[in-house]
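Q: I am new to this structure and would be grateful for a close look at one part of it. Please begin with the part I should examine, and then set it in the context of the whole.

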Amino acid sequence: MAIARLDYVAPWWTYWLHNFPHFNFLFQSVDNTFRPEEASYQQSLIVLACAGAVGLGLSLLALAVYLVCLFCCRRSLDEETKRPDTCCVTWVAVITGLIICSAVGVGFYGNSETNDGVYQLTYSLYHANHTLDSINSLVEGAQSNMEAGLKQHLERLDEIFATKLEYLQALRFLQLMVNNIIRELTALPDINKSKIDLAAVADQTAFVEYYRIIGFVILSLVLSWAALGSGTATAVGTSDFCVSPNKFIVNQTKDFLTADVAHYYLFCSPNLQNPFQQSLTICQRSLTTMQIQIQGLLQFSIPIFPTAQRDLLGIQRLLNSTEFNVHQLTALLDCRGIHKDYLDALMGVCYDGVEGLLYFSLCSLLAACALSAMLCVIFRLWTLMGSREKEYNDIDEEDPFNPQARRLSFNPRRSNTHSFCSYISSLGSQASLHPPPQSQSNSTIQPPEYMNQSMLFGGTPRYENVPLIGGGSPPPSYSPSMRTTYLSMNDAQIRHLRTDFQV
C-alpha cells in the first residue's frame, strides 16, 4: 500500500463517473472539468441530482400501471376455490425482504468506506495546515529577529564603536548580511495571503460528515430516490476533481503561489528543484558569516570596549535562534511532508470516499426498487384478502351441512340433543339403516367398533361416526340413503328438525 502512495493514479471508477453526460438547465452539453465556481457546472450537478426525481416518477408510473392492471384486468377466482394461490406473492415478499436486507448491508459498508475517506481527508488537511502554520511562524520569527532585535543592538554598537573605524566597517558588513537575510525571508511564501484556510475546510467537512452519518438510514431507506440523486451528483462532482486534481489546485493558488512552487509540492519529483533552496542557502551562509564576525568582535573589541559585550552576546543569541529557525524551515519546506498529506487526502477522497458513495447509491437504488415491489405485494395481498372474504360471505348459514351453522346450533346445556344423522337414522329406510339380521348361533356377535362409537354419542347405532358437536370438526359424510331421505322430507319435518337444533 505504501508503494501505491508514492504517486497518485485516479481509480477507474472516477473516470467512469467523470464520463457521465453533463447538461445545464437548457440541456446543453457542459464541459466536465471540475469548476465549482461556474454556474453552468453547478447546473450540471443539479441536473444529475434530479435523476432521482426521474426515477421516482418512473416508479410511481409503473406502480400506477400495476394497480390499473390489478383492479381492471385481474381474473375472477374459481367458485370452488377456497384458498387463492399466494405462492407467487409469498416468494416476491421473501425476495423483496432479502433485497432490503442486502441494501442495508451494502449501505452500511459504503457509509463506513465514505467515513474512512472523509476522516483521512480531514486528518491530512489538519496536518498540512499545521505544517503551513509552522512555516509561517518560523518565517515571521526570523524576520522579527532580524528587523527588530538585531537593529537595536547594531544601533547601540554603532555608538560604542564610533571611534574605531574597523569595528564600524564590521558593523556595516553585519547590516548588509541582515538585509540579505530579510530579503530572502520575504521571498518565502506568506500563508497569511492565502484565501484558503485548510483548518476551516476540515472543520466544515467534519461537520457535514457528522450529519451525513446521522441521516444515512433516513435518506437511503425512506427517501431512497432522493438519496440516489444526491449520492450520484456528489460522486460525479468528486470524480471530476479526482481525474485532474493538480490543475484545479494550481488555478486556486495562482494568486499567492507561483506555478513552479505549486508543481513542486503537487508532484514532488526528484527532477524538480526546491524553489526555496537558493533563498535558504543564502540565509544560512549569511548567518554563518555573521557568526564569524561576532566571534571576532567578541575576541578583539571587548578588551577595548567592555560595554559592547552585552550587545554582542545579544546578537549572538539572536543569530543562533534565527539559524535554528532556518534549519527547521529547510525541513518543512521540503516537498515530501506536504506532498504526503496531499496524497493521503486524495486517497481518502478518490478511493474510499467515491467508492463509498457508489455503494451508497447502490443501496439507495436497491431500497427504492424493493420498496416499490413491496407496495405491489401489499396491494396484491389486499385484493386476495377481499376475495376470500367474498367467498365466505357467499356460504348459506342455514345450510345444515355448513360447519358454522352446526356450531351455532349447539347448546351445551341440553343433555339430550340429537344430531342430524340421528334424526335421519330414525326417519330413513329400516332396510338401509338397520344392520343385517344376525345368524342363528349360540354365540353372540359383537357389533363393529364404529357402531360402538356411534352408540356412545347418539345412543343409536349408525353406519357413520357422529362428529363432536361444537368441537369444530368437519361435517361427516352421509350415505346415499340418508341424503335421499333428507331431500324427501316435507316442510313439517324440516321445521321439526330445526326446532330440535334450536337452543
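A: The part chosen here is the pairing of two helices in a predicted model, namely α2 (residues 39–49) and α3 (residues 51–72). The axes of α2 and α3 come within 4 Å and cross at roughly 25 degrees. Because angles under 35 degrees count as roughly parallel, α2 is described as roughly parallel to α3. The residues that meet are Val47, Leu48 and Ala49 on the α2 side, and Ala51, Gly52 and Ala53 on the α3 side. Sorted by class, this contact holds five nonpolar residues and one polar residue, with no charged residues.

The loop between α1 (12–18) and α2 contains Phe27. Phe27 is not a glycine, yet its phi is positive, at about 60 degrees. With a relative accessible area of 66%, Phe27 is exposed, since the class of exposed residues begins over 50%.

A comparable backbone feature is found at Cys268, which lies in the loop between α10 (259–267) and α11 (277–300). Cys268 is likewise a residue other than glycine with a positive phi, in this case near 50 degrees. Its relative accessibility is 17%, and Cys268 therefore counts as buried, the limit for that class being under 20%.

The helix α10 leads to a second pairing, with α9 (residues 245–252). In general, two packed helices are described by the angle between their axes and the distance between the axes. For α9 and α10 the angle is about 145 degrees and the axes are 10 Å apart. The crossing of these two helices is right-handed. From α9, the residues Asn246, Ile249 and Val250 take part, and they meet Ala262, His263, Leu266 and Phe267 of α10. By class, the contact of α9 with α10 comprises five nonpolar and two polar residues, and again no charged residues.

A third pairing joins α4 (residues 87–160) and α12 (residues 309–332), whose axes come within 9 Å and cross at roughly 160 degrees. Because an angle over 145 degrees counts as roughly antiparallel, α4 is roughly antiparallel to α12. Here the crossing is left-handed. The contact of α4 with α12 includes 15 nonpolar, eleven polar and two charged residues.

One residue within a helix also deserves attention. Thr238 belongs to α8 (residues 224–243). The side chain of Thr238 reaches the backbone oxygen of Thr234, at a distance of 2.7 Å. When neighbours within four places in sequence are left aside, Thr238 is in contact with Val349 and Val354.

Finally, the whole protein provides the setting for these details. The protein has 19 helices and zero strands. It consists of 503 residues, of which 37% count as buried. Among contacts between residues at least 6 apart in sequence, 79% join residues at least 24 apart.

Technical notes
Residues are numbered from 1 along each chain as its sequence is written. This is a predicted model: local features need pLDDT of at least 70, side-chain atom pairs count only at pLDDT 80 or more; totals for chains, interfaces and linings use all residues. Side-chain values use heavy atoms; hydrogens and water are left out. Axes are lines fitted to C-alpha atoms, for helices over the stretch in contact, and angles run from 0 to 180 degrees between N-to-C directions. Angles under 35 degrees count as roughly parallel, over 145 as roughly antiparallel, 65 to 115 as roughly perpendicular and the rest as oblique. A crossing is left-handed if the near helix is turned anticlockwise from the far one by less than a right angle, and right-handed if clockwise. Ala, Val, Leu, Ile, Met, Phe, Trp, Tyr, Cys and Pro count as nonpolar, Asp, Glu, Lys and Arg as charged, and the others, Gly among them, as polar. Contact means heavy atoms within 4.5 Å. A polar contact is a pair of N or O atoms within 3.5 Å; within protein, one must be able to donate a hydrogen and the other to accept it, and residues adjacent in sequence count only if both atoms are side-chain atoms. Buried means under 20% relative accessible area, exposed over 50%, partly exposed in between (1.4 Å probe, protein chains only).
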